[in-house]
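Work through the exercises below with the model open. Try each task before reading its solution.

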Amino acid sequence: MSDVSISSQLKEAVTDFKIGVIYYPAIVVSDLPPLIGDRLPLYYENIQLSLNEHPVSEIPGVKEWRGIFKKAGTDPSRYRPSQEALLRKIKKDGAPHFVNSAVDLLNFFSVQYGIPMGLYDMAKLHSPIQIRIGTDEDHYDGLNGRTMHMKDKIVSADSVGAFGSPIVDSKRTCVTEQTKQALQIVYLRPSMDSDEVRQLITKMAEMFTQVHGGTHELKLIQ
């Protein structure tokens, strides 16, 4: 598993910041199996209906992560946590974009648990990896089609530079059907205790490997 750490600056800003890291050494990315893929539209339809009664901003995971953004120096009304952006898209359009089995499953996890997360092609990463607060030098081409300037935003960075964040990830490290090894970063809610966190990341890792094959290694970093 790659060397992943949290910077002291970020820990000072958000004292109980924690992440789950899952490494998948041998996966096959394609389309979701029908057992899952055929049920997702109905799942998202139910989410869309529930959002008519419960504002996105009041969902516990969204509310907590908006607070984390503020502590890090990010305006959450201008740059939304990725799970909030997903939920708002579901409320508007009924479902997120479907991309491939890995991305689609990650989006499901993010909506289900109300937290941001990212999945990265290990072949495109260069250790060590650090989760930190971005500087003027941190920018990348985002999967949203925009150049992301990451100053005062939480970023994931390797020895080449920033490649992801709980806002949007970069094109440089995105997972495609050619990906054979992947790294998942789960941006946990600081309020979650260690037992709850380990159960959550274990459950996600097991489901991901059931769909994509291979094995997994996981750890909690805090």
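**Exercise 1: the antiparallel sheet**

This predicted model has an open sheet of four strands, in the order β3-β9-β2-β10, with antiparallel pairing. Task: find which strands stand at the edges, and describe how β3 is joined to β9.

Solution.
- Step 1. Look at the ends of the order. β3 (117-121) and β10 (217-221) each have a single partner strand, so one side of each is left without a neighbour in the sheet.
- Step 2. Compare directions. On average, neighbouring strands here are turned by 15 degrees against each other, direction ignored.
- Step 3. Go to β3 and β9 (residues 182-187). Five bridges join these strands, which run antiparallel.
- Step 4. Pick out one pair. Leu 119 stands opposite Gln 184 in β9.

**Exercise 2: two helices**

Task: state which strands α6 lies across, then classify the packing of α5 and α6 by angle.

Solution.
- Step 1. Place α6 (residues 101-113). This helix lies across β3 and β9 and runs at about 160 degrees to β3.
- Step 2. Add α5 (residues 82-93). The axes of α5 and α6 are 9 Å apart, and the helices pack at an angle of about 95 degrees.
- Step 3. Apply the cut-off: 65 to 115 degrees counts as roughly perpendicular. α5 is therefore roughly perpendicular to α6.
- Step 4. List the residues that meet. From α5 come Gln 83, Leu 86, Leu 87 and Ile 90; from α6 come Asn 107, Ser 110 and Val 111.
- Step 5. Sort this contact by class. It has four nonpolar, three polar and no charged residues.

**Exercise 3: the mixed sheet**

Another open sheet has four strands in the order β1-β4-β7-β8, with mixed pairing. Task: name its edge strands and find the bridge partner of Ile 133 in β7.

Solution.
- Step 1. Check the ends. β1 (4-6) and β8 (162-164) have a single partner strand each, so each has one side without a neighbour in the sheet.
- Step 2. Note the turn. Neighbouring strands are at 35 degrees to each other on average, direction ignored.
- Step 3. Follow β4 (residues 129-133) to β7 (residues 154-157). They run antiparallel and are joined by four bridges.
- Step 4. Read off the partner. Ile 133 is paired with Ile 154.

**Exercise 4: a loop residue**

Task: decide whether Val 56 is buried or exposed, and list what it touches.

Solution.
- Step 1. Locate Val 56. It lies in the loop between α3 (40-50) and α4 (60-72).
- Step 2. Use the cut-off: buried means under 20% relative accessible area. Val 56 has 3%, so it is buried.
- Step 3. Find its contacts. Leaving out residues up to four places away in sequence, Val 56 touches Leu 51, Val 62, Glu 84, Leu 87, Arg 88 and Lys 91.

Notes
Residues are numbered from 1 along each chain as its sequence is written. This is a predicted model: local features need pLDDT of at least 70, side-chain atom pairs count only at pLDDT 80 or more; totals for chains, interfaces and linings use all residues. Side-chain values use heavy atoms; hydrogens and water are left out. Two strands pair if DSSP finds at least two bridges between them. Axes are lines fitted to C-alpha atoms, for helices over the stretch in contact, and angles run from 0 to 180 degrees between N-to-C directions. Contact means heavy atoms within 4.5 Å. Angles under 35 degrees count as roughly parallel, over 145 as roughly antiparallel, 65 to 115 as roughly perpendicular and the rest as oblique. Ala, Val, Leu, Ile, Met, Phe, Trp, Tyr, Cys and Pro count as nonpolar, Asp, Glu, Lys and Arg as charged, and the others, Gly among them, as polar. Buried means under 20% relative accessible area, exposed over 50%, partly exposed in between (1.4 Å probe, protein chains only).
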